[in-house]
Amino acid sequence: MARLIITHQGTVIKEYDLSKEKVTVGRKPSNDIILDDPTVSGLHAAFLHMQHTYVEDMKSTNGIKLNGKTINKRQLSHGDLVQIGQHEFKFIDDAVQDFESTVVIAPPTQEFKETKKPIKASVMITQGPKQGESIILNKPYTKLGSASQVAVIARRGESYYLMPMTGGAQGESPKLNGKQIGAESMLLGHADLIDVAGTQLKFIIEE
Amino acid sequence: MTKNKTPQLEIHGLTDEGLVRDHNEDYISWVAKSGLVILADGMGGHNAGEVASELAVTCITDALEEVLSPDIKDTCEMDFEEVVHEAVVYANDEINLHSKTHPECTGMGTTVVMALFHSDSVILANVGDSRIYRFRKGELQQVTSDHSLVQEMIDNGYMSEDEAQNSTNRNLITRALGIAEEVKVDVARHAIEKDDIYLLCSDGLSDMVTDDLIFSSLVKTRQNLERGAEDLVALAKDHGGHDNVSVILVACK
């Protein structure tokens, strides 16, 4: 038995057993699988289920993708992911399926997507015993300072924030550009100055 | 003198290949002094599954290491739910990066469940179908929700819990770390009580053994968590042991 598991934006919409030789997919009601999706053509694709299972683009406007690559016609293997418009079809072949092996029903990592250029950020000690040293901010959280006073820089996506630190042994909170930080996260910009535990640091973004 | 904000915990964990698999793709770790407990169940061809699960656990541990140092954890008020969320997102980024730069690891992924005990609460996070149960006052409750096809079908009313138990679709998960650039992480904070026991487990336990049997095991072994972990792993193997099985038990003292 072979099946298709149909998902839209990560939510499973239905499961379709491939019990006949040709199963059509499209927006029109005449199809076996009807997708209410403006990016899907009237008749968009067909699954051909014989000894093996194939997927074929029926000259659709937006085409179909198999595991992230645009294709015209291909044989399917267990676990393959076919993208039709904004819908995804996971092909499950129970004959092959090893009951124990976990399969993820989700879009694969987009291999052709241009990889984001990672932003490199660091803080350089401008005043204090370790003047001139740099700390590279390559983790989600980086601690600055010592037991007497601490600050944490948080990385969120491509931005860096000085996290609010309240209460406890701190007494005074660290300073950003000469002002004590309050209860809000502060977005850091290039050349911002941070004062913590008697040390001054400069935030640096390398483009 | 500041108060130690990590509650007093007793932690025991165990991971086992099971009876069928020839290698273990699960990975478990904990840092008792920080109140941090993590379990991951990897997947992917060749040996990539264990690469993914180990990366998940080590990245989360690394990401949290500095913010969980006593000078911060015990003295500062922070949004630990966000901190945990960001640590899991970081692990997802690192696993993706590793897949891209190591062709033999393409397609690998992993589930993750974690618990961070802080003050009078625990912050739980999960992605995939590994689980956290809480045993409190003679009751066992699953406190995470599986990201699996079966669970979605139950949630949408297509399937009953009983039907789910026998479904052949139990191995299909809807979320994992390392399979896409974006990941949706469930994060929740729960109040803890003295004598609570938290069980983190991979599906090697929960697919083999019913909740009732897990409950009976904990009733029997709750005074001795080391034996408790051994008992749960033995239970999974007695009921087939088809998959790797991992458990971590945490008791709040």
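In this predicted model, Ala197(A) takes a positive phi near 50 degrees in the hairpin formed by strand 21 and strand 22 of chain A, where two residues lie between the strands. The two arms of this hairpin, strand 21 (residues 193-196) and strand 22 (residues 199-206) of chain A, pair in the antiparallel sense over four bridges. One position in this pairing can be followed by residue: Asp195(A) has Gln200(A) in strand 22 of chain A as its bridge partner.

The hairpin belongs to a wider arrangement. Strands 21 and 22 of chain A sit in an open sheet of six strands, whose order is 14-13-22-21-18-19 and whose pairing is antiparallel. Strand 14 (134-136) and strand 19 (179-180) of chain A stand at the edges with a single partner strand each, so one side of each has no neighbour in the sheet. In general, strands of a sheet pair through backbone hydrogen bonds, in either a parallel or an antiparallel sense.

From strand 21 of chain A, the sheet can be traced towards one of its edges. Strand 21 pairs with strand 18 of chain A in the antiparallel sense, over two bridges. Here Leu176(A) has Ile194(A) in strand 21 of chain A as its bridge partner. Strand 18 (residues 175-176) of chain A is in turn joined to strand 19 of chain A by two bridges, and these strands run antiparallel. In that pairing, Lys175(A) stands opposite Gln180(A) of strand 19 of chain A.

Chain B can be taken as a whole before one of its helices is examined. Chain B has eight helices and eleven strands. Its radius of gyration is 17 Å, close to the 18 Å that the globule rule gives for 253 residues, so chain B is as compact as a globular protein of that length. The C-alpha atoms of chain B fill a box of roughly 55 × 45 × 35 Å along the principal axes. Of the 253 residues in chain B, 51% are buried. Among contacts in chain B between residues at least 6 apart in sequence, 72% join residues at least 24 apart.

Helix 7 (residues 211-221) of chain B has Ile214(B), Ser217(B) and Leu218(B) as buried residues. Seen down the axis of helix 7 of chain B, the buried residues fall within an arc of 95 degrees, so they line one face of the helix. Asp212(B), Val219(B) and Lys220(B), on the other side of helix 7 of chain B, are exposed. What do the buried residues of helix 7 of chain B pack against? They pack against strand 6 (131-136), strand 7 (139-142), strand 10 (197-201) and helix 8 (225-238) of chain B.

Key:
Residues are numbered from 1 along each chain as its sequence is written. Chains are lettered from A and ligands numbered from 1 in the order in which they are written. This is a predicted model: local features need pLDDT of at least 70, side-chain atom pairs count only at pLDDT 80 or more; totals for chains, interfaces and linings use all residues. Two strands pair if DSSP finds at least two bridges between them. The radius of gyration is taken over C-alpha atoms; the globule rule is 2.2 Å times the number of residues to the power 0.38. A residue is buried if 20 or more other C-beta atoms lie within 10 Å of its own, exposed if 12 or fewer, and partly exposed in between; C-beta atoms are placed from the backbone. Two residues are in contact if their C-beta atoms, placed from the backbone, lie within 7 Å. The arc is that of the directions from the helix axis to the C-beta atoms.
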